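Colleague: Could you walk me through this one and tell me what's behind each label you use?
Modeller: Sure, let's put it on the screen.

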Amino acid sequence: MLREFDSTNKSVDDTIVMPLRSDEDVVRLRKTVRESLVSVGFSLIEQTKMITAASELARNTVTYGGGGESHVIKVTQGSRRGVRLVFIDHGPGIADVGLALTDGYTTGSGMGLGLSGAKRLADDFDLQTEVGKGTTVTITKWKLF
């Protein structure tokens with residue numbers, strides 16, 4: 001189910017779609033992710049992990065993907081609930097995924113922990129990329145009972 005905001009900023013279903021084009025968009029995304037995690041009942045520690053992962057992936061989308069969008073989705077699977085985040089860009093793509101997932105590897109001035117760090121902080125991680133067409137990264141955090 002996709003939930004987009006209508007003109008009154010109310011969501012239409014369970015997915016919130018947000019642009020990622022600037023640092024301000026990253027800040028707005030962090031707030032939205034936090035609100036979604038709180039509504040599902042995640043602990044402060046789990047919120048911090050997922051917000052950190054979201055921030056890293058959002059910055060990658062803006063910096064390396066030339067901007068794009070994010071989807072914040074409340075999900076259920078059987079009896080468990082969670083929050084899934086999807087980051088989509090139409091940038092240059094990632095030529096060597098294995099290298100990009102290596103701690104310390106960066107094509108910029110960062111520490112090279114964005115992708116690999118997000119992978120460690122989330123319960124599920126999926127990266128789809130095609131050189132010249134863009135990248136989609138999906139992470140999910142599941143609520144433990």
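What follows is a chat about the labels on this model and the numbers behind them.

Modeller: One thing up front: this is a predicted model, where local features need pLDDT of at least 70, side-chain atom pairs count only at pLDDT 80 or more, and totals for chains, interfaces and linings use all residues. Residues are numbered from 1 along each chain as its sequence is written, and side-chain values use heavy atoms, with hydrogens and water left out.

Colleague: How do you know how many helices and strands the protein chain has?
Modeller: They're DSSP runs, numbered from the N terminus: H or I over at least four residues for a helix, E over at least two for a strand. On that basis the protein chain has four helices and five strands, and along the sequence they run β-α-α-β-β-α-α-β-β.

Colleague: Why is Thr135 called buried?
Modeller: Buried means under 20% relative accessible area, exposed means over 50%, and partly exposed is in between, with a 1.4 Å probe and protein chains only. Thr135 comes out at 7%, so it counts as buried. The residue sits in strand E5. Across the protein chain, 39% of the 145 residues get the buried label.

Colleague: What does Thr135 touch?
Modeller: Leaving out residues up to four places away in sequence, its contacts include Phe87, Ile88, Gly93 and Leu127. A contact here means heavy atoms within 4.5 Å.

Colleague: And what makes Thr135 and Thr129 a polar contact?
Modeller: The term asks for a pair of N or O atoms within 3.5 Å; within protein, one must be able to donate a hydrogen and the other to accept it, and residues adjacent in sequence count only if both atoms are side-chain atoms. The side chains of Thr135 and Thr129 are joined at 2.8 Å, which fits.

Colleague: Why does Arg21 count as exposed?
Modeller: Its relative accessibility is 60%, so it lands on the exposed side of the cut-off. Arg21 lies in the loop between E1 and H1. Its side chain still reaches the backbone oxygen of Gly68, at 3.2 Å. Besides Gly68, Arg21 touches Val62, not counting residues up to four places away in sequence.

Colleague: What makes the largest nonpolar core a core?
Modeller: The label goes to a set of buried Ala, Val, Leu, Ile, Met, Phe, Trp, Tyr and Cys residues joined through side-chain atoms within 4.5 Å. The largest such set has 27 residues, and Leu29, Val33, Leu85, Phe87 and Ile139 touch the most other members. Among the elements that each supply at least two residues are strand E1 (15–20), helix H1 (23–40), helix H2 (44–63) and strand E5 (134–142). The largest share, seven residues, comes from H2.

Colleague: Which residues does Ile139 touch?
Modeller: Its contacts include Met50, Ala53, Leu57, Val83, Leu85 and Phe125, again not counting residues up to four places away in sequence. There's also a second, separate core of five residues, including Ile73, Val75, Val86 and Ile88.

Colleague: Why is the Arg28 and Asp25 pair called a salt bridge?
Modeller: The rule is a side-chain nitrogen of Lys or Arg within 4 Å of a carboxyl oxygen of Asp or Glu. Here the closest N and O atoms are 2.6 Å apart, and the pair qualifies. Both residues lie in helix H1, three residues apart, about one turn of the helix. Asp25 is at 8% relative accessibility and so counts as buried, whereas Arg28, at 45%, is partly exposed.

Colleague: How many salt bridges are there?
Modeller: Seven in the structure. Lys141 meets Glu46 at 3.0 Å, N to O, and that pair links distant parts of the chain: strand E5 and helix H2, 95 residues apart. Lys141 also meets Asp123, at 3.6 Å. That pair connects strand E5 with the loop between H4 and strand E4 (124–130), 18 residues apart.

Colleague: Is Lys141 buried or exposed?
Modeller: Buried, because its relative accessibility is 4%. Its partners are partly exposed: Glu46 at 21% and Asp123 at 41%. Together with Lys49, these residues form a network of salt bridges.
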